Each structure stands twice: as structure tokens, then as C-alpha cells.
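User: I have a model open and would like to learn how to read its features one by one. Could you walk me through it?

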Amino acid sequence: MHFDPRVQRALSEAGLDADAVADASDRVAELVARDADRLRSFFDADGPYYSDMEMAHSTAEVQEHATADVDLFTHGSDLRGYLSLDGWGVPVEGGRILRAADGGGGEDDGASGSDGGPIVVELTLGDTVNDRVRFARDRGAL
């Protein structure tokens, strides 16, 4: 079960039986794994990548990264891993698709398999950055 006890209780009080709560928990894990796959595919191609990351040595609103690579794993509703950018790296503590080529985001719109590919993604970056950062393959998409 990927829901904490409070969420399980709230779902039960909302009328879901134990099987429905377990099904919802499994669906959450499926969606997280799907987003992890989409995030990996976003970072599979060669650079450049653009981000709205605040950097100490830059006053630019949009940063350009010549290289980027992400290594992600999932466990239930958790998405974690490591992002390497231009020779340095940072832990990833979450991520989502903000905009895809088909106009959708990370939410499941019922269109199974018709993924237009991510255009803008957001990663929650850990220590040294400690912020949510958007990434795009096109500077203008940010």
C-alpha cells in the first residue's frame, strides 16, 4: 500500500472499500512509473537543455545546459534519482511532465499510448539546489 494511514482512512471514509483503495494505490504506482519513463526519454537525447534554475554564477533567467542525464527509480508513489548536468549533479526527489507535444501534461487523459512526448518537465532537485526546476529542449518553451 502506497498511501499513508491517514490517506487510507480518508479514502475509506469517502466510501472506498479495501480493494478499491488497493487498486487506487496500484494505479498511483503505475502513473509514477509512467512519468519516470517519460522523464527518462526527455533526457535521453543530446543537448542542449534549458532550465529556469537559479545559479549563483549567472543572472540569466534561462540557463543553457550542454548535457543532461537522469537516472530515476520509483517505489510506489516516490520518484527519486540523480540528475547530471554539464559535469555536476544533484539528487532528484520528484518530477512531473508539465507540458507534452500532444498538449497534455503528466495527468492521464485516458489516451493510452498516444504520448506526444514531454516538452516541459519539472524536477524537484535536492541538496545544493533545493528547488523545483523546469526543463525544456527549446528555450522558448520555458
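Analyst: Gladly. Let's begin with strand pairing: two strands pair if DSSP finds at least two bridges between them. Keep in mind throughout that this is a predicted model.

User: How many bridges join β4 to β5, and how do these strands run?

Analyst: β4 and β5 are joined by 5 bridges and run antiparallel. To find the register, look at L83, which stands opposite V90 in β5. The two strands form a hairpin with 2 residues between them, and D86 in that turn has a positive phi of about 50°.

User: What about the other side of β4: how many bridges join β3 to it?

Analyst: Strand β3 (residues 68–75) and strand β4 (residues 78–85) share 8 bridges, and this pair is antiparallel. Here F73 has R80 in β4 as its bridge partner. Again there is a hairpin with 2 residues between the strands, and G76 in the turn takes a positive phi of about 60°.

User: Which residues of β4 make up its covered face, and which its uncovered one?

Analyst: The general idea first. In a regular strand, side chains alternate between the two faces of the sheet. In β4, the covered face consists of L79, G81, L83 and L85, while D78, R80, Y82 and S84 make up the uncovered face. So L83, the residue opposite V90, is on the covered face.

User: That leads to the interior. How many residues does the largest nonpolar core have?

Analyst: In soluble globular proteins, nonpolar side chains tend to be buried together. The largest nonpolar core here has 24 residues. Those with the most contacts inside it are F43, M53, L83, V92, L123, L125 and F135. Two or more residues come from each of α2, β3, β4, β5, β6 and β7 (131–136).

User: If I pick L125, which residues does it touch?

Analyst: Setting aside residues up to four places away in sequence, L125 touches M53, L83, V90, P91, V92, N130, D131, V133 and F135. You will recognise L83 and V90 as the residues that face each other across β4 and β5.

User: And a polar residue such as Q63: is it buried or exposed?

Analyst: Q63 lies in strand β2 (residues 63–65) and is buried, with a relative accessible area of 6%. A polar atom of the Q63 side chain lies 3.5 Å from the backbone oxygen of M53. Beyond its neighbours within four places in sequence, Q63 is in contact with Y49, Y50, S51, M53, M55 and S58.

User: Now charged pairs. How many salt bridges are there?

Analyst: Side chains of opposite charge can pair when their charged atoms come close. The count here is 7 salt bridges. One of them is between E13 and R9, at 2.8 Å from N to O. These residues are 4 apart in helix α1, which means about one helical turn separates them. Both are exposed, E13 at 59% relative accessibility and R9 at 58%.

User: Why does that spacing suit a pair in a helix?

Analyst: An α-helix has 3.6 residues a turn, so residues three or four places apart point the same way. A further case is E30 with R27, whose closest N and O atoms are 3.2 Å apart. Both are in helix α2 (residues 18–42), with a spacing of 3 residues. E30 is partly exposed at 45%, and R27 is partly exposed at 35%.

User: Which parts of the chain does the R96 and E122 pair link?

Analyst: R96 and E122 meet in a salt bridge at 2.8 Å, N to O. This pair links distant parts of the chain, with R96 in strand β5 (residues 88–100) and E122 in strand β6 (residues 118–125), 26 residues apart. R96 is partly exposed at 37%, whereas E122 is buried at 9%. Salt bridges with shared partners join R96, E122 and R132 into one network.

User: Finally, what should I look for around the ends of α1?

Analyst: At the start of helix α1 (residues 5–13), a side-chain oxygen of D4 comes within 3.0 Å of the backbone nitrogen of R6. Just after α1, G15 has a positive phi of about 110°.

Notes: Residues are numbered from 1 along each chain as its sequence is written. This is a predicted model: local features need pLDDT of at least 70, side-chain atom pairs count only at pLDDT 80 or more; totals for chains, interfaces and linings use all residues. Side-chain values use heavy atoms; hydrogens and water are left out. A polar contact is a pair of N or O atoms within 3.5 Å; within protein, one must be able to donate a hydrogen and the other to accept it, and residues adjacent in sequence count only if both atoms are side-chain atoms. A salt bridge is a side-chain nitrogen of Lys or Arg within 4 Å of a carboxyl oxygen of Asp or Glu. Buried means under 20% relative accessible area, exposed over 50%, partly exposed in between (1.4 Å probe, protein chains only). A nonpolar core is a set of buried Ala, Val, Leu, Ile, Met, Phe, Trp, Tyr and Cys residues joined through side-chain atoms within 4.5 Å. Contact means heavy atoms within 4.5 Å.
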